[in-house]
Amino acid sequence: MTESVPILLVEDNEDDVFFMRRALTAASISNPVFVAEDGQKAIAYLVGTASRVEGDNCPSLILLDLKLPVTKGLDVLAWLRQQPHLRGTVVLILTSSNEPSDIREAYRLGANSYLVKPTTTERLNELAKALKNFWLEFNSFAPGS
Amino acid sequence: MTGPPVFEERLLVLLPGRDAERTLQILSESKIDCVACHNLPALCDSIHQGAGAALLTEEAILADSDHCLENALRREPPWSNFPLIVLTQQTSGIRHLPASALLNVTLVERPVRFLTLRSVIDAALRHRRHQYEIRDTLLHLQQAQVDLKTANRDLEIRVDERTRKLQETISELEAFSYSVSHDLRAPLRSMQGYAHALLEDYGQQLDDQGRKFLAKISSGAARLDLLVQDILAYSRIAKGQITLENVSPGDIIRDVVETYPQLREKASVTIKPPLPTVSAHPAYLTQCVSNLLGNAVKFVAPGVQPQVTVWAEPDPANDHVRLCFEDNGIGLAPQHFKDIFEIFGRVNAGHLYEGTGIGLAIVRKAVERMGGTVGVTSELGKGSRFWLSLRRAA
């Protein structure tokens with residue numbers, strides 16, 4: 001069931017997009033990955049997929065960076081949790097910030113997990129593997145409405 | 001701006017007809033500044049305008065049915081006690097002098113001898129001069145109070161202004177360290193990531209030297225990342241708001257040993273009980289302990305198994321206790337006992353011992369934020385004893 005769950009990667013740094021795609025591939029994650037380069041595009045994407053007849057492309061898992069152009073990650077998260085049909089979407093914060101204030105705020109706004117971007121490829125690969133293992137294999141997503 | 005009226009030394013004289021002329025003449029001849037007043041209201045007016053004393057007869061006062069003199073004297077400011085020299089009849093005694101208890105009256109019996117009058121006038125004028133001096137002192141005091149109030153207000157405005165500026169600086173610093181954590185580390189990830197990708201995808205096309213260069217790019221990036229993280233940890237500890245609570249150092253040390261595989265596997269950490277409960281911030285103390293134990297593991301001679309012994313001993317400050325961490329490491333020369341607690345105060349060559357040079361600065365800052373002190377005693381080649389002095393739990 002979770003095989004085809006689309007993943008939305010909200011990330012403005014194209015290097016990080018490149019590394020994340022590599023790490024997901026290295027962890028044999030074959031789910032479709034959509035990329036939004038800023039918060040506004042992420043919101044537009046989510047609005048767009050929701051209004052489509054085939055709700056298949058609506059991602060169940062979002063990897064969300066915090067420091068984004070136009071609309072910040074935490075604002076995307078706040079918006080997301082106010083949308084009835086997106087309340088169950090799993091949001092994993094993936095950021096380089098380990099500021100206690102960011103972590104506190106992310107959980108307050110309803111993040112499901114907070115991950116600090118690893119600085120080495122090895123750690124990033126481990127993260128992708130753990131992500132697959134927990135979120136894509138053991139975890140059950142909220143059924144779509 | 002006009003100052004307060006100056007001391008008027010003039011003597012107001014109210015005497016009947018011929019007495020007045022003669023007295024004024026005699027007094028003027030002996031250099032007393034006299035002013036003749038024609039009636040009591042005129043004399044009262046002159047008192048109000050400033051005068052040294054008044055010379056008048058008992059009859060003039062007794063005839064004052066409107067209490068003109070009494071009212072005039074009551075209107076005088078608090079420091080004033082206007083001297084009246086009253087000439088009386090020898091036999092009359094003075095019975096009806098109004099509010100005499102409040103008045104500064106000297107009675108002189110007629111017939112008056114000039115020398116007596118002269119000394120009474122001199123005494124009255126002297127007394128009056130003292131009153132003016134008291135007035136001036138009071139004025140100075142009042143002015144000083146006003147100045148003090150103004151100064152206080154200015155000071156409050158300045159404190160507010162500085163507090164505002166300080167807050168701005170703090171926010172700027174926070175924004176700065178936030179930006180450092182994000183923006184400085186992103187290129188690091190790229191350096192490391194692309195070096196790794198290059199090695200993975202094109203490694204076969206490179207020789208050993210090429211692969212070694214890539215490894216050096218990766219390790220350089222990793223070192224810079226450690227540095228950035230330590231600087232961030234330092235600034236967080238320096239600015240964070242903390243409340244102290246009762247903490248068991250033994251629990252913290254055991255937790256740290258459990259959490260770090262390097263410590264658990266490589267080193268032997270012995271705790272000599274009892275370690276008394278201290279007043280500390282758990283996260284800060286954890287940071288201190290892990291930095292100290294981390295150093296103990298890092299700074300040993302090649303091939304030596306790191307051994308750390310921890311115990312508590314009394315501190316010269318009675319309400320504090322010293323937690324001592326003794327290792328079997330490479331030790332320190334006395335001239336470095338202070339440097340190593342400064343930021344970037346590392347004393348060992350980087351190629352022998354990896355480190356950012358911030359670890360002990362973090363320890364010192366954290367301990368200071370918890371109201372304690374740090375120190376070290378050591379000898380080159382014979383291990384070091386680091387100590388943290390913290391307040392005993394209440």
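Let me start at Glu379 of chain B, which sits in the loop that joins strand E11, residues 373–378, to strand E12, residues 384–391, of chain B. I should say at once that this is a predicted model, and everything that follows is to be heard with that in mind. Is Glu379(B) buried or exposed? The neighbour count inside 10 Å comes to 12 C-beta atoms, and because a residue with 12 or fewer is classed as exposed, Glu379(B) counts as exposed. In space, Glu379(B) lies 7.2 Å from Pro334(B), C-alpha to C-alpha, although 45 residues separate the two in sequence.

That pair can be set beside the figures for the whole of chain B. Of the contacts in this chain between residues at least 6 apart in sequence, 66% join residues that are at least 24 apart. The chain has 394 residues, of which 27% are buried, and its secondary structure comprises ten helices and twelve strands.

Staying with chain B, I would like to turn to two of its helices, H7, which covers residues 249–259, and H9, which covers residues 282–298. Their axes come within 9 Å of each other and cross at roughly 55°, an angle that makes H7(B) oblique to H9(B). The crossing of these two helices is right-handed. Which residues of H7(B) and H9(B) meet there? From H7(B) they are Pro249(B), Ile252(B), Ile253(B), Asp255(B) and Val256(B), and from H9(B) they are Pro282(B), Leu285(B), Thr286(B), Val289(B), Ser290(B) and Leu293(B). Sorted by class, the contact of H7(B) with H9(B) contains eight nonpolar residues, two polar ones and one charged one.

Now to chain A, where the pair I have chosen is helix H1, residues 14–26, and helix H5, residues 121–138. Here the axes come within 8 Å and the crossing angle is roughly 60°, and H1(A) and H5(A) are therefore oblique to each other. The handedness of this crossing is right-handed. On the H1(A) side the contact is made by Phe19(A), Ala23(A), Leu24(A) and Ala26(A), while H5(A) contributes Leu124(A), Asn125(A), Leu127(A) and Ala128(A). Seven of the residues in the contact of H1(A) with H5(A) are nonpolar and one is polar, with no charged residue among them.

To put the two helix pairs side by side before I stop: H7(B) and H9(B) cross at roughly 55°, in a right-handed sense, and their contact includes one charged residue. H1(A) and H5(A) cross at roughly 60°, also right-handed, and their contact has no charged residue.

Methods:
Residues numbered from 1 in each chain as written. Chains lettered and ligands numbered in written order. Predicted model: local features only at pLDDT ≥ 70, side-chain atom pairs only at ≥ 80, totals over all residues. Helix = DSSP H or I, 4+ residues; strand = E, 2+ residues; numbered from the N terminus. Buried ≥ 20, exposed ≤ 12 C-beta atoms within 10 Å, placed from the backbone. Contact = placed C-beta atoms within 7 Å. Axes fitted to C-alpha atoms, helices over the stretch in contact; angles between N-to-C directions. Parallel < 35°, antiparallel > 145°, perpendicular 65-115°, else oblique. Left-handed = near helix turned anticlockwise from the far one by under 90°. Nonpolar A, V, L, I, M, F, W, Y, C, P; charged D, E, K, R; others polar.
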